[in-house]
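Visitor: I should like to go through a structure with you. Could we take it one topic at a time?

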Amino acid sequence: MAQNKTRLLEILKGQPVVPVVAVESVREGVELARALAAGGLRSIEVTLRTPAALDAIKAIVAEVPETVCGAGTILSPKHFEAAEKAGAQYIVSPGATMELLDAARSSDVPLLPGAATPSEMMAMIEEGYEVLKFFPAEQVGGAKLLKSVAPVFPQLRFCPTGGVSMANVGEYFALANVVCVGGSWVAPKDKVAAGDWAAIEALAREASALRG
Ligand code: 3PG
């Protein structure tokens, strides 16, 4: 199956910023998801960068129904299957391999694959993908790159992630090919570790009000 673009756009279009988070425990994941949702950010990407990630996804899906919980840093079919089994509602990868796309083809869970160059974008179009993560956004050319590819690939929509912050997010939101951005700034590590959920809710509220 080609990309489930409709479902993915439903998930991503609902909010300007998708928090990219790494959680150290299941409880931390649940509390963090609650705080972000309370601030208006219901779609989140829990990265598979910590041992707690899969169990945290499971718990968020079960205990925080207002959250749409995605799994990120998916690098292989094995990761894809584990995230799907944990109940992830969408899957995000920093790039794409044929093996990963094969795993996605036999699943109902939508995949947001990463692309950073015109060749990678062309490869994704050939595989039926039109909604892409643009990663690592700032490091590979930022909003200027996305603006340059817009007339070349009018069918593509992007979620730029990597180095995006309150300081530069406006450059991305000025572009019609940007659906939303991803970023970790709404869940700073020190505030998460301190359990400062009120501060995170406030950051989420500020981010969810972006782009009108
Ligand atoms: C990601 O994990 O997708 C990005 O590394 C998040 O990038 P940021 O920490 O620069 O927001």
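**Two helices and one asparagine**

Guide: Helices α2 and α11 are oblique to each other (neither under 35 degrees, roughly parallel, nor over 145, roughly antiparallel, nor 65 to 115, roughly perpendicular). This is a predicted model, in which local features need pLDDT of at least 70, side-chain atom pairs count only at pLDDT 80 or more, and totals for chains, interfaces and linings use all residues. Residues are numbered from 1 along each chain as its sequence is written, and side-chain values use heavy atoms, without hydrogens and water.

Visitor: At what angle do the axes of α2 and α11 cross?

Guide: The axes of α2 (residues 26–38) and α11 (residues 197–208) cross at roughly 40° and come within 7 Å. The crossing is right-handed.

Visitor: Which residues make the contact?

Guide: From α2 they are E28, E31, L32, A35, L36 and A38, and from α11 W197, I200, E201, A204 and R205; contact means heavy atoms within 4.5 Å. They divide into 7 nonpolar, 4 charged and no polar residues.

Visitor: Changing topic, where is N168?

Guide: N168 lies in the loop between β8 (157–160) and α9 (169–173).

Visitor: Is N168 buried or exposed?

Guide: N168 is buried (under 20% relative accessible area), with a value of 9%.

Visitor: What does its side chain make a polar contact with?

Guide: The side chain of N168 makes a polar contact with the side chain of E138, at 3.5 Å. In addition, a polar atom of the N168 side chain lies 2.8 Å from the backbone nitrogen of S165. Leaving aside neighbours within four places in sequence, N168 is in contact with E138 and G163.

How values were computed: Helix = DSSP H or I, 4+ residues; strand = E, 2+ residues; numbered from the N terminus. Buried < 20%, exposed > 50% of the residue type's maximum accessible area, 1.4 Å probe, protein only. Polar contact = N/O pair within 3.5 Å; in protein donor to acceptor, adjacent residues only side chain to side chain. Axes fitted to C-alpha atoms, helices over the stretch in contact; angles between N-to-C directions. Left-handed = near helix turned anticlockwise from the far one by under 90°. Nonpolar A, V, L, I, M, F, W, Y, C, P; charged D, E, K, R; others polar.
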